[in-house]
Every structure is written in structure tokens, then in C-alpha cells.
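Biologist: Please take one surface part of this model and look at it closely. Then work outward from there, giving your cut-offs as you go.

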Amino acid sequence: MIKRIREYQKTLNVSGRYQRYLILLIFINAASMIFSLINPLVLKRLIDNVFSSSGDIDKNVGINILNYWLAVLVIVFAISAVATYLSQYISGKLSATISDDIRSDLFKEINLKRLAAIYKIKSGDIVSRIMNDVVLSQELISTYVVRLISGIMGLILPLVIMLTLKWDLALICIMPTIFYSVISWIYGNLLRDKQKRVLQATGNITSFLTESLSIMPLVKVFCLEDYQKGRFASVGSLYRDASIDMSKTIASYISISSLNFFVPIILLLWVGGRMTLEGTITIGTLVAFSTYVTQFFGPIRDLSNLWPNIKRSEAAFERLREIVDLDLENEIHNREGLVVTQGKIVVKDLAYSYNNEQIFDNFNVTFDRGLNFLIGDNGSGKSTLLHLISSIYKPHSGRIEIDGKDISEVNIKSLRKNISILLQNVQLIDATIYENISIGDLNAMEEEVIEAARLANAHEFIIKLPQGYHTQVGENGMKLSGGERQKIALARAALRKSRIMLLDEVTSSIDEKSKKSIYAALSNLSKDRTIIIATHELPQGIKGGIFDLNDLRVQPSQTATAHLAPSPGEFGPKRRE
Ligand SMILES: Nc1ncnc2c1ncn2[C@@H]1O[C@H](COP(=O)(O)OP(=O)(O)OP(=O)(O)O)[C@@H](O)[C@H]1O
Ligand SMILES: [Mg+2]
């Protein structure tokens with residue numbers, strides 16, 4: 001358990017942060033436990049000294065003793081009530097704080113992972129892990145440590161008192177503990193697997209819902225309501241079946257552990273009852289024993305429930321661990337930064353495949369400063385190559401050099417600072433147009449943002465909007481047209497002013513008039529930059545190298561620069577002058 005918590009703390013960087021609260025909670029629980037132990041002692045004194053001996057002592061003295069002990073009881077109850085409030089409040093606060101901290105840590109972690117690694121887990125499932133699994137796993141620290149220590153403390157005192165009162169009776173009464181330990185171990189392992197199934201099914205539902213909401217227009221136009229209903233029913237039923245299965249196991253566990261109190265009380269009455277009749281123990285001792293047995297088995301029940309709960313949290317913890325264990329983007333620290341001088345990109349003997357699909361094998365190409373057009377059929381690998389150059393994907397073999405430096409050996413932040421990339425699927429954040437452009441360079445001045453928007457031919461349409469640059473674009477830019485979204489993404493890439501620009505389908509949704517002006521601006525920018533444009537449509541009258549992936553991939557040993565030929569209009573690894 002402690003080893004597990006240590007591993008957990010190490011993984012999620014939570015060590016030591018909550019010690020103060022944990023110690024306070026343990027202290028409060030210990031205090032309330034000690035106070036609750038006073039009740040049976042008071043009862044024993046009242047029975048043995050006042051009620052059973054009513055004839056022996058004066059009635060007024062008896063009433064005085066009774067009042068005295070009643071006052072003690074009232075104080076004990078009042079203190080217990082305050083302790084309960086504090087314990088509930090602090091443990092609630094602890095749970096919320098730990099959940100929040102783990103979520104922040106996980107979110108920070110995810111942002112540092114390789115893209116290909118993140119894609120191994122569906123986005124909806126990641127959401128579900130961060131929301132649901134975190135709640136379950138934080139209990140390892142917020143609840144179980146306290147319960148473990150309180151449980152052990154809670155059973156020591158009643159046990160010591162029972163042993164002092166009548167040791168042989170005490171040993172008989174605590175015998176069922178062995179049985180409960182075995183049961184909880186068995187159920188712990190069962191529940192861990194069942195909990196994992198439930199969490200996986202919850203992740204599936206979240207993934208399904210995330211996707212369903214994003215494809216609503218598709219559902220409407222293709223009348224897919226019933227189809228979607230069927231798909232939901234199937235993911236829903238997986239969750240339902242897994243939950244029912246777990247409930248069944250919990251129910252049988254609870255029913256077995258309810259014997260927890262029953263068996264020891266039967267044993268007490270059976271053996272202790274005889275002892276009372278034989279006069280070995282007093283009635284007061286029997287009554288006090290019955291309370292201490294209950295007080296001993298309370299923590300025992302807690303401890304035996306703890307194990308299955310720890311196992312359930314472990315299932316959630318393992319799912320969080322899968323996120324933490326994904327490959328980091330830049331594992332090696334203190335790498336040297338990239339300095340771009342010429343902007344020459346050389347791809348040497350590159351091999352890359354998605355799962356079993358080989359995209360590049362012994363692939364060579366060189367891109368020089370200026371405009372470079374990357375063409376080729378759908379699926380020929382244009383986007384993949386741009387992802388590889390920006391080190392979003394890692395080559396399986398071969399290397400990519402920028403000005404002679406292997407990009408896998410340079411500091412990744414410095415590489416990305418020198419590259420602006422416009423992805424084929426334009427991505428906008430749910431914020432204003434201004435923010436969407438300025439995330440290209442968060443330190444940019446307002447004039448620079450506007451200048452970038454002008455370059456992308458976006459300024460004109462932006463200022464016509466009622467709120468201008470402060471217009472909210474909606475979720476993934478849904479309040480803008482496709483071309484407007486593309487212009488904003490281009491403005492963002494231009495704002496970065498990096499020496500290398502990778503533009504994937506920069507003008508596919510852009511009108512002819514804007515296209516001309518955008519290419520003129522890019523041509524101007526390319527004087528001191530290397531710009532690679534993946535496209536299906538070569539612009540008219542614009543100079544630049546043309547690299548056809550259809551040819552390059554089937555003739556892998558050739559390098560594109562070696563085949564440059566001034567024959568405009570024809571596709572192939574040539575340069576258009
Ligand atoms: N994340 C991925 N997982 C598995 N296969 C992928 C993934 N991304 C792309 N592929 C596959 O890799 C191949 C190259 O894809 P890529 O996106 O690089 O092509 P492209 O030249 O950009 O095509 P397009 O002109 O349609 O944009 C395709 O056959 C595609 O199926
Ligand atoms: Mg593409």
C-alpha cells in the first residue's frame with residue numbers, strides 16, 4: 001500500500017503537498033475515536049455503580065453521580081459533533097484540492113507528449129480519464145491513507161481494553177478477523193478488474209459523445225439519427241453491463257461483510273453470556289464488551305473494505321499511468337538550440353510508416369530558401385513530410401537536417417520557434433480573431449497582428465465584422481467561413497516570422513482574388529525564408545521549386561535538387577523559373 005502510494009506520488013508529483021491536511025485529519029479522527037470510547041466506560045460505571053447497586057447507595061448520591069456522568073456524555077457528544085464536521089470538511093477540501101492538482105499535472109504532462117503517442121488514446125477517453133479516473137485515484141491519498149491509519153488506531157484501543165477486561169473472551173471475539181481478511185483480498189482483485197471495465201466503458205461513451213457532437217451537421221444532412229441511436233445503444237450497453245457486473249460483485253461482498261458484526265456478537269453472547277451466568281464476568285463487563293466488539297469491528301470492516309477500494313482506485317490509477325507513460329516529445333535536456341542561417345532543409349534516407357503502412361522508405365529531398373511546392377496524389381505523404389520536418393513525428397530511420405544540423409539533436413522548442421506551420425485541418429481556438437492570430441507570437445504588438453492579417457488577405461473581412469478583431473470565432477471557428485478560417489490560420493503562421501514556413505493546403509478554400517495577393521505576399525516573404533507549400537494546385541506565374549512526391553517516392557535514391565529543370569508547367573522534381 002505505502003509502496004503504491006509512493007509510486008503514485010512520484011508519478012503524479014503530489015508528494016508532501018498534503019501532509020499537513022493528512023496529519024490534521026488523522027489527529028481529528030483519533031480524537032473523536034478516543035471520545036467515542038468514553039461512552040461504554042460511562043455506561044459500565046452507571047450500570048455497575050449506580051443502577052445495579054441502587055439499594056447500596058443513597059438515592060441523592062446516585063442521582064448526583066448520574067447527573068455528573070450525563071454532563072460528561074453531553075460534552076463528549078458535542079466535541080464529537082465538532083470533530084465530525086471538521087473531519088468531513090477537511091477530507092472534502094483535500095479531495096477537491098488533490099483532484100485539481102492531479103488534473104493540472106496531467107494536463108501539463110499531455111502537452112509535453114509526442115503527438116503520435118497522444119493519438120494512441122482516443123481524445124474522449126483522455127477526457128474521461130482526467131474527469132472520472134482522477135476522482136477515483138485521488139482517494140488513494142485523500143481517503144485511504146487516513147482510513148488505514150485511523151482504522152489501525154481505532155481497533156487498538158478497544159482491543160487493549162477488551163484484553164484487559166477479559167483476554168480469553170477478547171481473543172474468541174476477534175477470531176472472525178482472519179476470515180474477513182481473506183474475503184477482502186479475493187474481492188479486491190475481482191473488483192479491480194471490474195472497475196477497469198467500467199472506466200473503459202465510461203471512456204468509450206465520452207469518446208462517442210465527443211465525436212457525435214462534432215458531427216451534428218453530418219447527422220442532420222444524412223438523417224443519421226437512428227443510426228447514431230444504435231451506435232449509442234451499443235456503447236451504452238457495454239457500460240451498463242460492466243456496471244451491473246460490478247454492482248453484483250459489490251452486493252455479494254457487502255452481504256458477506258455484513259456478517260462482520262453479527263458473527264462476533266453471536267460469539268460474545270455464546271461464550272460471554274455463559275461467563276456472566278457463571279459469574280466469571282459482571283453484566284457491566286458483558287455490556288461494555290458488546291460495545292467494544294462493535295467498536296473493534298467498525299475499523300475492521302473499514303480496513304477490509306479498504307482493500308477492494310484500493311484495488312478499484314488502482315484500476316483508475318493504472319489508466320492515468322498510461323497517459324503519464326506516453327513518450328515525451330523531447331526526452332533529452334540541454335540540447336543545443338537551432339540557428340537558421342540559409343534555411344536549407346535536407347531529408348536523407350528517410351523512412352517512416354504508420355503502423356504497417358510504409359509512407360517513406362529511403363526517401364531523399366532538399367528544399368532551399370525560396371518557395372517550394374510539394375505536390376502529389378492524396379495520401380502521397382505531403383502532410384506527413386511536413387509533420388516530420390517540424391518534428392511532430394519522428395523518422396524511423398534516416399535524418400532531416402536544417403542548415404546541416406540534424407533536427408533530432410536540437411532543442412525542440414528552438415526548432416519550433418524557427419518553423420511556422422499551417423496544418424491542413426485548420427485549428428482555431430474558441431476565442432476572438434485577434435487571439436487566434438496572436439497565438440502565432442504571444443509577444444507580438446497589435447500592428448504586427450494587423451500586418452499579418454493583411455498579408456493573409458484577412459484584414460478586409462475582419463474589419464467589416466461588427467466586432468472586428470474582437471469577434472468571437474466559436475468552437476473551432478464555426479462562426480467563420482472555411483476560407484476565412486484558412487486566412488486567419490495563415491495570418492497566425494505569418495505572424496511567427498520564422499525562417500521556415502510549412503503551409504499545408506494554404507489556399508484550398510481561398511477565392512481567386514485573395515489567392516493572387518496571398519501568393520504575391522508569400523513570394524515576397526520567401527526572399528529570406530524557406531517556404532514549403534503542400535498543394536494540389538500550382539499558382540500561375542509564381543516562381544519556385546516543384547517536388548512531386550509521386551515521383552520521389554518511387555525513385556527513392558534520387559534527390560530532388562539533382563533533378564531541378566526549368567520546365568514550367570510540368571510536374572516533377574524541378575524548379576519553375
Ligand atoms: N495518423 C495516421 N495514422 C495512420 N495512417 C495515417 C495517418 N495519417 C496519415 N496516414 C496515412 O498516410 C498516408 C499519407 O498521408 P498524408 O496525410 O501525408 O497524405 P497527403 O499527401 O497529405 O494527402 P492529401 O493530399 O490528401 O492531403 C495516407 O495513406 C494516410 O492513410
Ligand atoms: Mg495532406
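Modeller: Start with a nonpolar surface patch made of Ile178, Val182, Trp185, Ile186 and Leu190, which together have about 500 Å² of accessible area. (Patch residues have over 30% relative accessible area and no salt bridge; nonpolar side chains, namely Val, Leu, Ile, Met, Phe, Trp and Tyr, are joined within 5 Å, like charges within 9 Å. Areas are Shrake-Rupley values with a 1.4 Å probe, and for residues only the protein chains shown count as cover.)

The model is predicted: local features need pLDDT of at least 70, side-chain atom pairs need 80 or more, and totals for chains, interfaces and linings use all residues. Residues are numbered from 1 along each chain as its sequence is written, chains are lettered from A and ligands numbered from 1 in the order written, and side-chain values use heavy atoms, without hydrogens or water.

Within the patch, Ile186 belongs to helix H6, residues 176–214. (Helices are DSSP runs of H or I with at least four residues, strands are runs of E with at least two, and numbering starts at the N terminus.) Ile186 is partly exposed, at 41% relative accessible area. (Buried is under 20%, exposed over 50%, partly exposed in between, with a 1.4 Å probe and protein chains only.)

For contrast, take Leu106 in helix H3. Leu106 has 0% relative accessibility, so it counts as buried. Its C-alpha atom is 28 Å from that of Met478, 372 residues away along the chain.

Next, charge pairs. The whole structure holds 26 salt bridges. (Each needs a side-chain nitrogen of Lys or Arg within 4 Å of a carboxyl oxygen of Asp or Glu.) One of them joins Lys311 to Glu314, N to O at 3.6 Å. These two sit 3 residues apart in helix H10, so about one helical turn separates them. Both are buried. Arg399 and Asp406 also pair, at 3.6 Å from N to O. Here Arg399 is partly exposed at 32%, whereas Asp406 is buried at 9%. Arg529 bridges to Asp528, with the closest N and O atoms 3.3 Å apart. Arg529 is buried at 11%, while Asp528 is partly exposed at 38%. Elsewhere, bridges with shared partners tie Arg192, Asp193, Lys196, Lys311, Glu314 and Glu318 into one network.

Now the open space. The second largest pocket has a volume of about 720 Å³. (On a 1 Å grid over the protein atoms alone, a pocket is an open set of points where a 1.4 Å probe fits, with protein on both sides within 12 Å along at least five of seven lines; lining residues have an atom within 4 Å of a point. The volume is the space filled by probe spheres set on the points, which are joined across faces, edges and corners.) Its lining has 30 residues, with Asn29, Ser32, Met33, Ser150 and Asp302 nearest the centre. Helices H2 (19–51), H3 (59–111), H5 (123–174) and H10 (283–324) each give two or more residues to this lining. H5 gives the most, 11. The lining has 13 nonpolar, 15 polar and 2 charged residues.

Last, two backbone points. Cys223 is not a glycine, yet its phi is positive, about 50°. Cys223 lies in the loop between helix H7 (216–221) and helix H8 (225–257) and is exposed at 61%. Asn362 also has a positive phi, near 50°. Asn362 is in strand S2, residues 357–367, and is partly exposed at 34%.

Methods: Nonpolar A, V, L, I, M, F, W, Y, C, P; charged D, E, K, R; others polar.
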